[in-house]
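The following note is set out as numbered points for a colleague at the bench. Please read it alongside the sequence and the structure shown here.

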Amino acid sequence: MFKQLKNVSVYRASLPAPADLETAIEGNESLTRNDPLDSNEMIRFSFQRNPVTSRYVTPLLRGYSLCVLVQEKILPAAAIKSEVDRKVRDIEEQQDRAVGRKERLQIKDEVIMELLPRALTKERTIYGFYDSQEKNLFVDNTTERYSSAVLKLVCMADGKVTTSTVHISDQKQGLTTRLTAHLGGDVDAFGVFDLGSNLRLKNEEDGDSVTFKDTEFPCGEDEYQLLDKIKWGARVHQIQLDYKGLRFTLTDKFHIKGVFVAEPAEVEFDSAEEEWLTEANTRVFVLNKIVEKLCEMFGYEAPVPEMKEQEAA
């Protein structure tokens, strides 16, 4: 039943109290619109009621959950490119001149505006889960434009919020350094975590990448010549880690993906709402523990010293 929080972006945030936020949301109709997009509207984010609890702000044991509706026009890139190419070709043939990059981008914008009224709309729901004690906000999406929408909407409702992205100084290099140490025989390279069986290395200079799935990387062994790849510029892009049976993949942007939690024993719940809340609280607890142990491993100290207030535009 519970499908959220398998791939998450992590933010540190000081958000308003649940009752205050819910009152602000219910008092601002512009933040809860779900009518069709306007003809020239590309994308819209709005709060929606949780389909299980029917609340805009669903209280949890140590915080609350939010639902955000994303309505977005779908414009196939191939269709846009084809129409832009046609218009560019017509201009070059009719005016006997070349079309520069700046003009081509202007033509692309015009094409998008022409296609928008006929485009289909795709809808999706993004969930945010806020732990008010740890100040962690987990958003079940790892694309920045979508995950940050939760914070922006809260900001629009409350006026201002204090936020920061959980960022580990030189974290990508840190993961690579730890993998190098692990392959060299350092059993404590990943602290309390065990190295999983999935790994992706990427060389930013030439774009080459190599992916391993269901592969063992014993400490002190380098069967796949990973050290040579690292020597020539490859860096850890994604790496699977395990903490006491909690498996997940950590990316170079501190996104947590593919969170696996063993299925609990069969439990009878009195309602769908009770089941959803139980699983939501469990998943938030698991993610808090993962973030806590990752921050310890990387030597991260929270809160970030230079947190800035983010005010509504």
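1. Two strands are said to pair if DSSP finds at least two bridges between them. Helices (H or I, at least four residues) and strands (E, at least two) are DSSP runs, numbered from the N terminus. On that basis strand 3 (residues 57-60) and strand 4 (residues 63-74) run antiparallel and are joined by four bridges. They form a hairpin with two residues between them, and T58 stands opposite S65 in strand 4.

2. On the basis of the note: this is a predicted model, in which local features need pLDDT of at least 70 and side-chain atom pairs count only at pLDDT 80 or more, while totals for chains, interfaces and linings use all residues. Residues are numbered from 1 along each chain as its sequence is written, and side-chain values use heavy atoms, with hydrogens and water left out.

3. On overall make-up: the protein has seven helices and 13 strands. Its C-alpha atoms fill a box of roughly 70 × 55 × 40 Å, taken along the principal axes. Of the 313 residues, 43% are buried; here buried means under 20% relative accessible area, exposed over 50%, and partly exposed in between (1.4 Å probe, protein chains only).

4. On a second hairpin: strand 11 (residues 246-251) and strand 12 (residues 256-260) run antiparallel and are joined by three bridges. T249 stands opposite K257 in strand 12. Four residues lie between the two strands of this hairpin, and F254 in the turn has a positive phi of about 60°.

5. On backbone angles: most residues other than glycine have a negative phi. D96 departs from this pattern with a phi near 50°. D96 belongs to the loop between helix 2 (77-95) and helix 3 (101-115), and at 71% relative accessibility it counts as exposed. D214 likewise has a positive phi, near 50°. D214 sits in the loop between strand 9 (209-212) and helix 6 (226-231), and with a relative accessible area of 70% it is exposed.

6. On a loop residue with a side-chain contact: is N141 buried or exposed? With 13% relative accessibility, N141 counts as buried. N141 lies in the loop between strand 6 (136-139) and helix 4 (144-158). Its side chain reaches the backbone nitrogen of T143 at 2.8 Å. This is a polar contact, defined as a pair of N or O atoms within 3.5 Å; within protein, one must be able to donate a hydrogen and the other to accept it, and residues adjacent in sequence count only if both atoms are side-chain atoms.

7. On cysteines: the structure holds zero disulfides, a disulfide being a pair of cysteine sulfur atoms within 2.5 Å. Why does C155 form no such bond? The closest cysteine sulfur to that of C155 is in C67, 20 Å away, which is too far for a bond. C155 is buried, at 2% relative accessibility, whereas C219 is partly exposed at 32%.

8. On the enclosed space: on a 1 Å grid over the protein atoms alone, a cavity is a set of points where a 1.4 Å probe fits but cannot get out, and a pocket is an open set with protein on both sides within 12 Å along at least five of seven lines; lining residues have an atom within 4 Å of a point. Grid points are joined across faces, edges and corners, and a volume is the space filled by probe spheres set on the points. There is one cavity of 30 Å³ or more, and the largest cavity holds about 30 Å³ of space. Its lining consists of L183, E216, F217, P218, E221, E223, Y224 and L226. By class, five of these are nonpolar, none polar and three charged; Ala, Val, Leu, Ile, Met, Phe, Trp, Tyr, Cys and Pro count as nonpolar, Asp, Glu, Lys and Arg as charged, and the others, Gly among them, as polar.

9. On the second largest pocket: its volume is about 280 Å³. It is lined by 17 residues, of which R62, D131, E134, F285 and N288 are the closest to its centre. Strand 4, strand 5 (120-131) and helix 7 (272-298) are the elements that give two or more residues to this lining. Helix 7 provides the largest share, seven residues. The lining divides into seven nonpolar, four polar and six charged residues.

10. On separation along the chain: I112 lies in helix 3 and is buried, at 16% relative accessibility. The C-alpha atoms of I112 and D186 are separated by 54 Å, the two residues being 74 residues apart along the chain.
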